[in-house]
Amino acid sequence: VTYFQMTEILTPEANGLARAAAFLRGGELVAFPTETVYGLGGDATNGRACAGIFAAKGRPSFNPLIVHVPDLAAAQEYAVIEGPLLRLAQAFWPGPVTIVAPLRAGHGLSDLVSAGLPSVALRVPAHPLAQALLRETGRPLAAPSANPSGQISPTTAAHVYAGLNGKIAAILDGGACAVGLESTILGGDPVRLMRAGGLAVEEVEAQLGHALPEDTTPGKIQAPGQLSSHYAPDAPVSLNITDRHAGRTLIGFGEIMGDLTLSESGDLVEAASRLFGALHTADALGLPIDVAPIPNVGLGRAINDRLTRAAAPRS
Ligand code: TXA
Ligand code: MG
């Protein structure tokens, strides 16, 4: 692994895209924006790059990586996507959805990507810079969220810099992520929900025409947070708090006005886009964090999943 004095911040204007692609083709690591969160990208066909991703994040090597590709045809080079998963890919790609499907024979991905599983997680991001980077690099990009393992996911280049400066070659700055929650992960036939995320479960169910069972098989690799403490700020987090208390930071929602408020109008899409930024900001204040109740529908389900993990006892 190469350790850099300082991580470069690249912008698309100043030839940043070409430089980011050159770093990636050379096996270096570059964080890039997607519509969900920033990803910590490396060439998924390069074992040294993939090993570097685990090292930079401090990520346990049994936790497999998501591979980003520009379109469904590219995804089919690495996995066999068929049946209901194919229909979901056609309906929701590009977008905030990851599909776990069997590896295709001769796939060419580094073994580190799948962490020994017979399947691989694939995603076609909609963000124009992510699309441009994938096409310019010409390689599938393994990219977990660009944060140290167990910490809050990054939704701005500044969040990435705060967590990974000196550990990766560069950050491609594309501004704030519009969705703000990691992708919804779907896999299996019948299709199961492996992680609630940036696409509401109700939309998936409407497309499938039936309810989506959640994958809760004990001991199986689950999307992220088989480790129950995850997305954790340094400060302790308490949930379902309806009043402000001295010496604590309240993150509000709807009627409940906080020091920071996720959405005054009670809009869950807006709340999702602000969630991780609010946790980063609240954490910097150094006080314990209280969070108002969030309705458990639509993106509220993924918001509550992340908040529950942020509030879980630390081991
Ligand atoms: O929105 C996102 O999904 C972001 C952006 C950068 O694409 N990425 C992201 O990656 O959240 P990460 O590594 O933080 O979470 C990926 C999750 C992991 O928890 C992993 O366990 C799961 O996907 N995963 C990867 N491959 C899998 C597989 N073959 N079977 C089951 N779960 C898998
Ligand atoms: Mg993550």
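## Exercises on a predicted fold

Contacts between residues 24 or more positions apart make up 69% of the protein chain's contacts with a separation of 6 or more; a contact means two C-beta atoms, placed from the backbone, within 7 Å. Before you start: this is a predicted model, where local features need pLDDT of at least 70, side-chain atom pairs count only at pLDDT 80 or more, and totals for chains, interfaces and linings use all residues. Residues are numbered from 1 along each chain as its sequence is written, and chains are lettered from A and ligands numbered from 1 in the order in which they are written.

**Exercise 1.** Work out why the protein chain counts as compact as a globular protein of its length.

*Solution.* Start with the inventory: the chain has 10 helices and 14 strands, where helices (H or I, at least four residues) and strands (E, at least two) are DSSP runs, numbered from the N terminus. Next, the radius of gyration is 19 Å, close to the 20 Å that the globule rule gives for 315 residues, so the chain is as compact as a globular protein of that length. That radius is taken over C-alpha atoms, and the rule is 2.2 Å times the number of residues to the power 0.38. Along its principal axes, the C-alpha trace spans about 55 × 50 × 35 Å. Finally, 50% of the 315 residues count as buried (20 or more other C-beta atoms within 10 Å of a residue's own; exposed is 12 or fewer, partly exposed is in between, with C-beta atoms placed from the backbone).

**Exercise 2.** Find I66 and decide: buried or exposed?

*Solution.* Look in strand β4, residues 66-68. I66 has 26 other C-beta atoms within 10 Å, so it is buried. Now list its contacts, skipping residues up to four places away in sequence: T98, A121, R123, A143 and P144.

**Exercise 3.** Describe how helix α1 packs on helix α6.

*Solution.* Take α1 (residues 16-25) and α6 (residues 128-137): their axes are 9 Å apart, at an angle of about 55°. Axes here are lines fitted to C-alpha atoms, for helices over the stretch in contact, and angles run from 0 to 180 degrees between N-to-C directions. That angle makes α1 oblique to α6 (under 35 degrees is roughly parallel, over 145 roughly antiparallel, 65 to 115 roughly perpendicular, and the rest oblique). Then pick out who touches: L17, A18, A20, A21, L24 and R25 of α1, with A132, L133, E136 and T137 of α6.

**Exercise 4.** Say which elements the buried residues of α2 pack against.

*Solution.* In α2 (residues 47-57), the buried residues are A49, C50, G52, I53, F54, A56 and K57. They pack against β3 (39-43), α5 (111-114), β7 (141-142) and α7 (157-164). Just after α2 comes G58, with a positive phi near 65°.

**Exercise 5.** Hunt down some backbone oddities.

*Solution.* Keep the usual case in mind: most residues other than glycine have a negative phi, and most peptide bonds are trans. Step one, cis bonds: W93 to P94 is cis, with omega near -5°, and P94 sits in the loop between α4 (83-92) and β5 (97-102). D189 to P190 is also cis, with omega near 5°; P190 is in the loop between β9 (184-187) and β10 (192-195). Step two, positive phi outside glycine: A115 has about 50°, and N240 about 60°. A115 counts as partly exposed because it has 14 C-beta neighbours inside 10 Å, whereas N240, with 12, counts as exposed.
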